[in-house]
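Colleague: Hi, could you walk me through this model? I have a few quick questions.

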Amino acid sequence: MSLLRSAFSIPRRAAAYSTKKGVPPPAEGFMEGVADSAFIKNTREQALNNPELASIKNSETKKLNLFQSVNEALSTALESDPKAVVFGEDVAFGGVFRCTMGLAEKHGKHRVFNTPLVEQGIAGFAIGMAAVGHTPIAEIQFADYVFPAFDQIVNEAAKYRYRSGNEFNVGGLTIRMPSMAVGHGGHYHSQSPEAYFAHTPGVKVVIPRSPIQTKGLLLASIRDKNPVIFMEPKILYRAAVEQVPVEDYTLPLEKAEILTEGKSDITIVGWGSQLYVLESAIKMAKAQIPGLSVELIDLRTIYPWDSETVCKSVNKTGRLLIAHEAPQTGGFAGEIAATVQDKCFLRLESPIARVCGWDVPFPLVFEKFYVPSAIRCFDAIMKSLKY
């Protein structure tokens, strides 16, 4: 408890979503500090020092950023599965973020092709292909534009297996979409709609944090026997480079990853780009409280989520903070909080904390005030420890 008696003042600086003064941000945004994160694997040894990659421990690696890792995974899927196809708005040209660059030339225009600007049609076409045994990998250009396809995903794809008594399914379906804040996207290019789909039994929802994770989780999503919504934090597309294994590999869905192990003080849960904000907030808290023990968990699969790993951690630390960019009301942090309260009530030392986007449309000029910044997360950590 002596650790908790240190000063609770707010540091003067925190990580920001900006580039150097006077330099306009790139189209996919810029997130400071990601390239220097402890979670980014800069060497082959670091990349392969992972029990989840034991089957490819002798693989070579190559430098890829996140959008290149998406491209690599899609190319691998097309090579290994003759029934796989990639389609969406502008994907034959490489897509808005260049994730499908070169795939049409490499694999053929009959397997990588453009669609009209109609998200409901993209989803419906993908469901039809999956229903007859293909492996459709559809792209929605921005997660904000998925809502016209909502009925197809929620009422058709998610229920296809159940309503037929498992006689038919669309398990080969994967729908990719860039999501989350980008630094300048405003309310139509910045949203995080994961909670809408996490309310839908029959689909899985996955959000990666880095190039290595992206390749493994995307390939696992494509090969999973259930429809999967794969949300890519677009601000991370070019934020950092990792040594990504060259070989074909998958990472487990429905399994969270403990990024930093802690013993006694607080558990923190996040996903996607928010993890780097939380990393900064934890550094700030540790500067105020030397010796602070924090367990940071990347949920990775939002639905079905790994409640076992989270609850085991909270039973150890007695405190929980969850952070995400989506609005707080109805956000997935509420589901996590309710489950932990039910499973870990007698071990809790403080109220479960949520640091989320505000309950307003995603703003343009006020984005820095909207997103859960390192300062807001730091404040919540200190408040929980002080309780």
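Modeller: Sure, let's go through the sheet, the cysteines and a surface patch. This is a predicted model, where local features need pLDDT of at least 70, side-chain atom pairs count only at pLDDT 80 or more, and totals for chains, interfaces and linings use all residues. Residues are numbered from 1 along each chain as its sequence is written, and side-chain values use heavy atoms, with hydrogens and water left out.

Colleague: What is the strand order in the open sheet of seven strands?

Modeller: The order is β3-β2-β4-β5-β7-β6-β12, with mixed pairing. Strands here are DSSP runs of E with at least two residues, helices are runs of H or I with at least four, and both are numbered from the N terminus. Two strands pair if DSSP finds at least two bridges between them.

Colleague: And which strands stand at the edges?

Modeller: β3 (112-114) and β12 (301-303); each has a single partner strand, so one side of each lacks a neighbour in the sheet.

Colleague: How many bridges join β5 to β7?

Modeller: Six, and β5 runs parallel to β7 (residues 228-233). Thr174 stands opposite Val228, and Ser179 is opposite Pro233. On β4 (residues 135-139), three bridges lead to β5, again parallel, with Ala138 opposite Ile175.

Colleague: Is β5 buried or exposed?

Modeller: Six of the six residues of β5 (residues 174-179) are buried, so the strand is largely enclosed by the rest of the structure. Buried means under 20% relative accessible area, exposed over 50%, and partly exposed in between, with a 1.4 Å probe and protein chains only. Thr174, Arg176 and Pro178 cover one side, while Ile175, Met177 and Ser179 are on the other. In a regular strand, side chains alternate between the two faces of the sheet.

Colleague: Switching topic: how many disulfides are there?

Modeller: Zero, where a disulfide is a pair of cysteine sulfur atoms within 2.5 Å.

Colleague: Why is Cys311 not bonded to Cys344?

Modeller: Because the Cys344 sulfur, the closest cysteine sulfur to that of Cys311, is 4.0 Å away, too far for a bond. Cys311 is buried, at 8% relative accessible area, and Cys99 is buried too, at 3%.

Colleague: Last one: which residues make the nonpolar surface patch?

Modeller: Leu364, Val365, Phe366 and Phe369, covering about 480 Å². Patch residues have over 30% relative accessible area and no salt bridge; like charges are joined within 9 Å, and nonpolar side chains (Val, Leu, Ile, Met, Phe, Trp, Tyr) within 5 Å. A salt bridge is a side-chain nitrogen of Lys or Arg within 4 Å of a carboxyl oxygen of Asp or Glu. Phe366 is exposed at 53% and lies in the loop between β14 (353-357) and α12 (367-370).

Definitions and conventions:
Accessible areas come from the Shrake-Rupley method with a 1.4 Å probe; for residues, only the protein chains shown count as cover.
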